[in-house]
Amino acid sequence: MCVEDGQQAGGSLHLRSGKMDTQIEERDKHSGKGCHDRSRLASSNLDSICENTAIVDNTQSQPFDFVPVVRSGEWSDIGGRQNMEDTHVCIADLAKKFGLHFLEADTISFYGVFDGHGGKGAADFVRENLPKLIVEDADFPSELEKVVTRSFINTDAKTCSLQSTLSSGTTALTAMIFGRSLLVANAGDCRAILSRRGVAVEMSKDHRPSYAKEERRVKSLGGYFDLDGYLNGELNVTRALGDWHIQGMKSQAESGGPLSAEPELKMITLTKEDEFLIIGSDGVWDVFTNQNAVDFARRRLQEHNDVKRCCMEVGEEAIKRGSFDNLTVVIVCFHRDPPPQLGLHRNRVKRSISAEGLHSLKRLLEG
C-alpha cells in the first residue's frame with residue numbers, strides 16, 4: 001500500500017541504469033541466483049546500531065544540483081514506564097554493513113523505530129531481522145517498495161512460531177534514503193515528519209481507529225473497536241508485527257486479519273528545501289504536534305547543529321511536557337549546515353479607530 005507524494009515521478013523506486021544494472025547482473029552471475037551472500041548477512045549483529053557519520057552520494061546525475069549529506073542522531077529513554085519496550089536501528093551505509101559489494105558506489109541508509117507492547121521480544125526480533133530480509137530479497141534494490149512491503153510481512157510471519165516473540169508485538173516505522181529518494185514505511189503509530197523549509201510534512205499516518213481508512217479496513221475484515229477505541233478490545237493500534245497470540249487478530253489467509261503487518265508507504269524525491277526527518281515513537285507525539293516538533297528541532301539545530309544533542313533535547317522536552325511513555329527519537333539531516341533562518345513576511349494591516357472610540361479612550365486616560 002503506497003501513499004503517493006506530489007513530488008514523486010510515479011511508480012516504484014527505479015535505480016539509475018548502466019553501472020548499477022551491471023553490478024546487479026554481475027552479482028547474480030557469481031552467485032548463481034538472485035540472492036546475496038546469506039552467510040555474511042546472518043553473521044551481522046544489529047544491537048542498537050547508530051552510526052553518526054556523514055554520507056555523501058557523489059554519483060548524483062548532473063541535472064540535479066542537490067546532493068543530500070545524510071547525518072543522523074538518536075536518543076531513547078524508558079520514560080515513566082516500568083519496562084523499556086522501544087528499540088531502534090540507524091545504519092548509515094546498508095551496503096557496508098552487510099557486505100553488499102555490488103552497491104559500493106551507491107549509499108543506502110536505513111533507520112527504524114520499533115515500539116513494542118506485551119514485552120520487547122517482537123521489537124528486538126524485528127529490529128535484528130527486518131533489515132536483513134530487505135537486503136536478502138532477490139529484488140533488492142531495484143524494486144524497493146515491493147521489497148520493503150514483502151519484508152515487513154515476512155518478518156511478521158516469522159514471529160508466529162518463535163517462543164521469544166509469542167506473546168508480544170511491535171509497531172514499526174522505517175526510513176530508507178537512496179540518492180535523492182526517501183522511502184518511509186509504517187505499520188502502527190510511530191511517526192515520521194519531514195521539515196521542508198521549516199514546514200512540517202507528514203510522511204506517515206498513525207494506524208489508529210481515528211484514521212477513517214483504517215476503521216473501514218478493520219470492519220471489513222470482521223474486526224471491531226470497543227468504547228475506548230481498542231481494536232477487538234485489545235490494542236490501540238490497527239497495524240503491528242507480532243501479536244499472533246491474540247485470538248481473532250491475525251490470519252494467514254490472503255485477506256489477513258483486522259491487525260495488519262502490511263506497511264503504508266510514502267516515497268518522495270528530496271530537494272534542497274528538505275532539511276531533516278524526525279522519527280519518533282508515539283510517546284513523543286503525545287505531547288508534540290507535527291509543526292511544533294519541527295519548530296523545536298529546527299531552533300535547536302540552528303543553535304548548535306548537533307543532531308544527537310537535538311534528539312536528546314526533543315526527548316527531554318517531551319518528558320517535561322508530561323509524556324509518560326517510552327520515548328525514542330531519531331533525526332536524519334540532509335544537509336551539513338544547520339537549517340537557515342527564515343524571514344518573517346508580515347502583511348501590513350491598516351488600523352483605525354472611530355471618533356467615538358477615540359473620545360472614550362481620551363476620557364479613560366484623563367480619568
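I take a crossing as right-handed if the near helix is turned clockwise from the far one by less than a right angle, and as left-handed if anticlockwise. The model I consulted is predicted.

**Entry 1: helices H4 and H5**

I looked up how H4 (residues 121-136) passes H5 (residues 144-159) and recorded a right-handed crossing. The two axes come within 9 Å and cross at roughly 135°. I entered H4 and H5 as oblique to each other, because their crossing angle falls outside the ranges for roughly parallel, roughly antiparallel and roughly perpendicular.

I then listed the residues that meet. H4 contributes Phe 125, Val 126, Leu 130, Leu 133 and Ile 134. From H5 I noted Val 147, Val 148, Ser 151, Phe 152, Asn 154, Thr 155, Lys 158 and Thr 159. Sorted by class, this contact holds eight nonpolar residues, four polar and one charged.

**Entry 2: Thr 155**

I next turned to one of the H5 residues in that contact, Thr 155. Is Thr 155 buried or exposed? Its relative accessibility is 0%, so I entered Thr 155 as buried, the cut-off being under 20%. I found its side chain 2.7 Å from the backbone oxygen of Ser 151. Leaving aside residues up to four places away in sequence, Thr 155 touches Phe 125, Val 126, Leu 130, Leu 133 and Leu 241.

**Entry 3: helices H8 and H9**

I examined a further helix pair, H8 (residues 290-304) and H9 (residues 307-320), whose axes come within 9 Å and cross at roughly 140°. H8 and H9 are therefore oblique to each other, since only angles over 145 degrees count as roughly antiparallel. The crossing of H8 with H9 is right-handed.

On the H8 side I listed Phe 296, Ala 297, Arg 300, Leu 301 and His 304. The H9 side supplies Val 307, Arg 309, Cys 310, Glu 313, Val 314 and Glu 317. I counted this contact by class as six nonpolar, one polar and four charged residues.

**Entry 4: Ser 281**

Where does Ser 281 sit? I located Ser 281 in the loop that joins strand S12 (274-280) to helix H7 (282-285). Ser 281 counts as buried because its relative accessibility is 0%. A polar atom of its side chain lies 3.0 Å from the backbone nitrogen of Thr 328. Which residues does Ser 281 touch, not counting those up to four places away in sequence? I recorded Asp 86, Val 113, Asp 115, Cys 190, Asn 326, Leu 327 and Thr 328.

Definitions and conventions
Residues are numbered from 1 along each chain as its sequence is written. This is a predicted model: local features need pLDDT of at least 70, side-chain atom pairs count only at pLDDT 80 or more; totals for chains, interfaces and linings use all residues. Side-chain values use heavy atoms; hydrogens and water are left out. Buried means under 20% relative accessible area, exposed over 50%, partly exposed in between (1.4 Å probe, protein chains only). A polar contact is a pair of N or O atoms within 3.5 Å; within protein, one must be able to donate a hydrogen and the other to accept it, and residues adjacent in sequence count only if both atoms are side-chain atoms. Contact means heavy atoms within 4.5 Å. Axes are lines fitted to C-alpha atoms, for helices over the stretch in contact, and angles run from 0 to 180 degrees between N-to-C directions. Helices (H or I, at least four residues) and strands (E, at least two) are DSSP runs, numbered from the N terminus. Angles under 35 degrees count as roughly parallel, over 145 as roughly antiparallel, 65 to 115 as roughly perpendicular and the rest as oblique. Ala, Val, Leu, Ile, Met, Phe, Trp, Tyr, Cys and Pro count as nonpolar, Asp, Glu, Lys and Arg as charged, and the others, Gly among them, as polar.
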